[in-house]
Amino acid sequence: MTAEHYFSAEPAAPAERHEVSFTVQGRDYALVAARGVFSAARLDPGTAVLLKKAFLPEPDTSGSFLDLGCGFGPITAVLAAEVPSATVYAVDVNARARELTAENAKRLGASDRVRVGTPDDVPPDVVFDQIWSNPPIRVGKAELHEMLTRWLPRLAPHGVAWLVIARHLGGDSLHQWLVDLGWEVERHASQKGYRVLRVSRP
């Protein structure tokens, strides 16, 4: 994958739509994906580890969740399906990713609870009870740090962020960087070379 494929606002690659199927907590999902977005051919292994190892919110949870870098929307879909009373904000710079996420939310009957947009579309007064992200490590450290320092401060006082990062792409150094910024960070799980980090306010 090059940066153009899924970091660009308007991917040039032909869409070539197809379906991606996966199962989380006994629930089957069949989502529309397309070329030009992150992990278009399958559920990304890091995302799969995150959805398996992190603590999904209880079904009766309310509040606002953020899927940061939503791609075609697998995390958004799981959160919307598992927590029917919550609002899920799905954010991505890639227009095709946003279109697919909105379509997949509609497939799930969750369009009224999913807010899809660019980072600048999220109202500035919204705080998040949970942030979920398989962040785009390959954009580079500076851009990744800028993204996290923009969104993590919008956690609610008792909020939690769940991040998954490949160890060989800097998962441990990102952990330490977040600690140095003053966040409470726990390596919640490790699997298949991925770190699942639980981030909260101290």
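1. Start with the largest nonpolar core of this predicted model, which holds 40 residues. Phe-22, Leu-50, Trp-132 and Val-196 are the members that touch the most others. Two or more residues come from each of β1 (18-24), β2 (27-33), α2, α3, β4 (86-91), α4 (95-107), β7 (155-166) and β9 (194-200). Helix α3 gives the largest share, 6 residues.

2. Val-196 is worth a click in your viewer. Setting aside neighbours within four places in sequence, Val-196 contacts Val-49, Leu-50, Lys-53 and Ala-54. The list continues with Trp-162, Leu-163 and Val-164, and then with Glu-186, Arg-187, His-188 and Ala-189.

3. There is also a second, separate core, with 26 residues. Tyr-89, Val-139, Trp-151 and Leu-174 are among them.

4. Now to the helix pair. How do α2 and α3 pack, and at what angle? Helix α2 (residues 45-53) and helix α3 (residues 74-82) have axes 11 Å apart, at an angle of about 20°. That angle makes α2 roughly parallel to α3, because angles under 35 degrees count as such. The crossing of α2 past α3 is right-handed.

5. Which residues form the contact between these two helices? From α2 come Thr-47, Leu-50 and Leu-51, and they meet Pro-74, Ile-75 and Val-78 of α3. By class, the contact has 5 nonpolar residues, 1 polar residue and no charged ones.

6. One residue ties these points together nicely: Leu-50. Leu-50 is one of the core members touching the most others, it takes part in the meeting of α2 with α3, and it is in contact with Val-196.

Terms used:
Residues numbered from 1 in each chain as written. Predicted model: local features only at pLDDT ≥ 70, side-chain atom pairs only at ≥ 80, totals over all residues. Heavy atoms only, no water. Axes fitted to C-alpha atoms, helices over the stretch in contact; angles between N-to-C directions. Helix = DSSP H or I, 4+ residues; strand = E, 2+ residues; numbered from the N terminus. Parallel < 35°, antiparallel > 145°, perpendicular 65-115°, else oblique. Left-handed = near helix turned anticlockwise from the far one by under 90°. Contact = heavy atoms within 4.5 Å. Nonpolar A, V, L, I, M, F, W, Y, C, P; charged D, E, K, R; others polar. Core = buried A, V, L, I, M, F, W, Y, C linked by side-chain atoms within 4.5 Å. Buried < 20%, exposed > 50% of the residue type's maximum accessible area, 1.4 Å probe, protein only.
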